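Dear colleague,

Here is the structure I promised to pass on, with the sequence alongside. Please look it over first, and then read on for what was found in it.

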Amino acid sequence: MNPALTAAVAGFGTGLSLIVAIGAQNAFVLRQGVRRDAVLAVVAICALSDAVLIAFGVGGVGAAVVAWPGALRAVGIVGGAFLLCYGALAARRVLRPGTGLRTDGEAAGSRRRAVLTCLALTWLNPHVYLDTVFLLGSLAAGHGSLRWTFGLGAAFASLCWFAALGFGARLLGRVLTRPAAWRFLDGLVAATMLALGVTLVAGA
């Protein structure tokens, strides 16, 4: 197999294995996809953010960040607090179930909230930096002159995953027409956010 193709495939497989696990970001994208709310914007933010962070890692920025360990601790505290707040809101929706539908008048505000929430979930999560900047950056370095090809493969995996999760989630729309189903989804989101929030704050 062509060395460049091998590096790209390795990057794709590694990147996919790191982002498929259930997490705050994936839970949020799934919920937005089911609601069909700002899906394109959310998918674009997640994929572009990962591409930027992967580029940082491949470019060697991870080594520089190690010199400021306090930075990641600060991100962990702020991110953990944000996840706890978002998890509490999701838990509240479980207690007050709805269909997840919104009116036209709420659309603009909903999009703004979705974009801001997505940015926070992405950039205030230290695990994202560990996976993309440090781990993928280190693995990319092992491919020498083809490290950027490896990085492109990882970034493409991120794009494919978030696009599939966000736009594919609408297939669950019929299943989630009942309030009980929305309570289950919001319960999953709440549990994920609260667990990760506690973990980040405790580990900071």
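A residue is called buried here when its relative accessible area is under 20%. With that cut-off, the buried residues of α8 are Phe-150, Gly-151, Gly-153, Ala-154, Ala-155, Ala-157, Ser-158, Phe-162, Leu-165 and Gly-166. Please keep in mind throughout that this is a predicted model.

Confidence and overall make-up

The average pLDDT of the protein chain is 80, and 82% of the residues score at least 70. Residues 99–106 call for caution, since the pLDDT there is below 50, although this stretch has 10 contacts in the model beyond near neighbours in sequence. The protein chain contains nine helices and zero strands, and its pattern along the sequence accordingly reads α-α-α-α-α-α-α-α-α. Of the 204 residues in the protein chain, 40% are buried, while about 10,400 Å² of the protein chain is exposed, with carbon and sulfur atoms supplying 71% of that area. When contacts between residues at least 6 apart in sequence are considered, 90% of them join residues at least 24 apart.

The nonpolar cores

In soluble globular proteins, nonpolar side chains tend to be buried together. The largest nonpolar core in this model has 26 residues, and the members that touch the most others are Phe-28, Val-42 and Met-193. At least two residues of this core come from each of α2 (24–35), α3 (39–58), α5 (69–95), α6 (107–123), α8 (147–168) and α9 (179–203), and the largest share, six residues, is supplied by α2. Setting aside residues up to four places away in sequence, Phe-28 touches Val-42, Tyr-86, Ala-114, Thr-117, Cys-118, Leu-121 and Met-193. Another core, of seven residues, lies apart from the largest one and includes Ile-54, Val-58, Leu-136 and Ala-155.

Helices α2 and α8

How many of the 12 residues of α2 are buried? The count is 11, and the helix is thus mostly covered; the buried residues are Ala-24, Gln-25, Asn-26, Ala-27, Phe-28, Val-29, Leu-30, Arg-31, Gln-32, Gly-33 and Val-34. The end C-alpha atoms of α2 are 17 Å apart, which agrees with the 16 Å that its 12 residues should span at 1.5 Å a residue.

Helix α8, with 22 residues, reaches 31 Å from its first C-alpha to its last, close to the 32 Å expected at 1.5 Å a residue. Its buried residues pack against α1 (3–19), α2, α3 and α7 (126–141). One pair shows how α2 and α8 meet: Val-29, which is in helix α2, and Phe-162, one of the buried residues of α8, are 133 residues apart in sequence and 7.4 Å apart in space, C-alpha to C-alpha. Val-29 has a relative accessible area of 1% and is therefore buried. Beyond its neighbours within four places in sequence, Val-29 is in contact with Val-42, Cys-46, Phe-162, Leu-165 and Gly-166.

The loop between α2 and α3

Most residues other than glycine have a negative phi. Two residues in the loop between α2 and α3 deserve a look in this respect, namely Arg-36 and Ala-38. Arg-36, just after α2, takes a positive phi of about 55 degrees, and Ala-38, which is not a glycine either, also has a positive phi of about 55 degrees. Ala-38 counts as buried because its relative accessibility is 14%.

Cysteines and Thr-122

Which disulfides does a search of the whole structure find? The search finds zero. Cys-118 is in no disulfide, and the nearest cysteine sulfur, that of Cys-46, is 3.5 Å away; a pair would need its sulfur atoms within 2.5 Å to count. Cys-118 has a relative accessible area of 1% and so is buried, whereas Cys-160, at 30% relative accessibility, counts as partly exposed.

Cys-46 also appears among the contacts of Thr-122, a residue of helix α6. Leaving out residues up to four places away in sequence, Thr-122 touches Gln-25, Cys-46, Ser-49 and Val-128. Thr-122 is at 0% relative accessibility and therefore counts as buried.

With kind regards

Note on methods
Residues are numbered from 1 along each chain as its sequence is written. Side-chain values use heavy atoms; hydrogens and water are left out. Helices (H or I, at least four residues) and strands (E, at least two) are DSSP runs, numbered from the N terminus. Buried means under 20% relative accessible area, exposed over 50%, partly exposed in between (1.4 Å probe, protein chains only). Contact means heavy atoms within 4.5 Å. Accessible areas come from the Shrake-Rupley method with a 1.4 Å probe; for residues, only the protein chains shown count as cover. A nonpolar core is a set of buried Ala, Val, Leu, Ile, Met, Phe, Trp, Tyr and Cys residues joined through side-chain atoms within 4.5 Å. The expected span of a helix is 1.5 Å times one less than its number of residues. pLDDT is the predictor's confidence in each residue, from 0 to 100.
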